[in-house]
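Below is a brief report on a protein model. It covers helix packing, one salt bridge and a surface patch.

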Amino acid sequence: MTVAAILSGKGHDTITVRSEVLLSEVCETLAKYKIGAVVVFDGKEAIEGIVSERDIVRVVGTQGDSALKLPVSNVMTKDVMTCTEENSVNEVMARMTQGRFRHMPVVKDGKLTGVISIGDVVKFKIAQVELEAEQMRSYITMA
């Protein structure tokens, strides 16, 4: 199965911010939409970075609440790992685990088409295992 299967279930909606937005505003956005990360765009819709709850905790932990007055460009992860809708779920799960991150933007032709989280991947994998188990039970009952 591919990333496209996950996005077909969860949708392609994304929440983004510009790099000059203050970290306090990013916190408000994360809380408002009940999400764990936002993609940071430059003025031309190119991915400039990603900022997650972990990024925020790290900077607040070292700089205190004054960090909330920083622009997100000072806090975001700049080396963003992305995937495409054609990537397999197993491949994306392995990359997230190896890189120790939980959110991955999905791109197509250089444009953002969605964001998947490790939670989305796990939910998809569980549903897949449950479906296979049900099919196996059905097969055994019919035999």
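## A patch on H5

Start with Met136. This residue is found in helix H5, which spans residues 118-142. The model is a predicted one. Met136 also helps to make a nonpolar surface patch, together with Tyr139 and Ile140. The patch covers about 380 Å².

## Overall layout

The protein has five helices and five strands. Their order along the sequence is α-β-α-β-β-α-α-β-β-α. So much for the order of elements; next comes the extent.

Taken along the principal axes, the C-alpha atoms fill a box of roughly 65 × 35 × 30 Å.

## H1 against H5

Helix H1 covers residues 3-10. It packs on H5 at an angle of about 95°, and the two axes are 10 Å apart. Angles of 65 to 115 degrees count as roughly perpendicular, so H1 is roughly perpendicular to H5. On the H1 side, the contact is made by Ala5, Ile6 and Lys10. On the H5 side, Asp120, Val121 and Phe124 make the contact.

Two of these residues also pair by charge. Lys10 and Asp120 form a salt bridge, with the closest N and O atoms 2.8 Å apart. Lys10 lies in helix H1 and Asp120 in helix H5, so the pair ties together parts that are 110 residues apart in sequence. A search of the whole structure finds five salt bridges.

## H4 against H5

Helix H4 runs over residues 89-99. H4 and H5 pack at an angle of about 140°, with axes 10 Å apart. The two helices are therefore oblique to each other. Their crossing is left-handed.

Which residues of H4 make the contact? They are Val89, Asn90, Val92, Met93 and Met96. H5 contributes Ile118, Val121, Phe124 and Lys125. Val121 and Phe124 of H5 thus appear in the contact with H4 and in the contact with H1.

## H2 against H3

Helix H2 comprises residues 23-33, and helix H3 comprises residues 53-63. They pack at an angle of about 140°. Their axes are 11 Å apart. That angle makes H2 oblique to H3. Left-handed or right-handed: how does H2 pass H3? The crossing is left-handed.

From H2, the residues in contact are Leu23, Val26, Cys27 and Leu30. They meet Glu53, Ile56 and Val59 in H3.

## In short

H5 packs with H1 at about 95° and with H4 at about 140°. H2 and H3 pack at about 140°. The Asp120–Lys10 salt bridge joins H5 and H1. Met136, Tyr139 and Ile140 make the nonpolar patch.

How values were computed: Residues numbered from 1 in each chain as written. Predicted model: local features only at pLDDT ≥ 70, side-chain atom pairs only at ≥ 80, totals over all residues. Heavy atoms only, no water. Patch = residues over 30% accessible without salt bridge, like charges linked within 9 Å, V, L, I, M, F, W, Y side chains within 5 Å. Areas by Shrake-Rupley, 256 points an atom, 1.4 Å probe, with all protein chains shown as cover. Salt bridge = Lys/Arg side-chain N within 4 Å of Asp/Glu carboxyl O. Helix = DSSP H or I, 4+ residues; strand = E, 2+ residues; numbered from the N terminus. Axes fitted to C-alpha atoms, helices over the stretch in contact; angles between N-to-C directions. Parallel < 35°, antiparallel > 145°, perpendicular 65-115°, else oblique. Left-handed = near helix turned anticlockwise from the far one by under 90°. Contact = heavy atoms within 4.5 Å.
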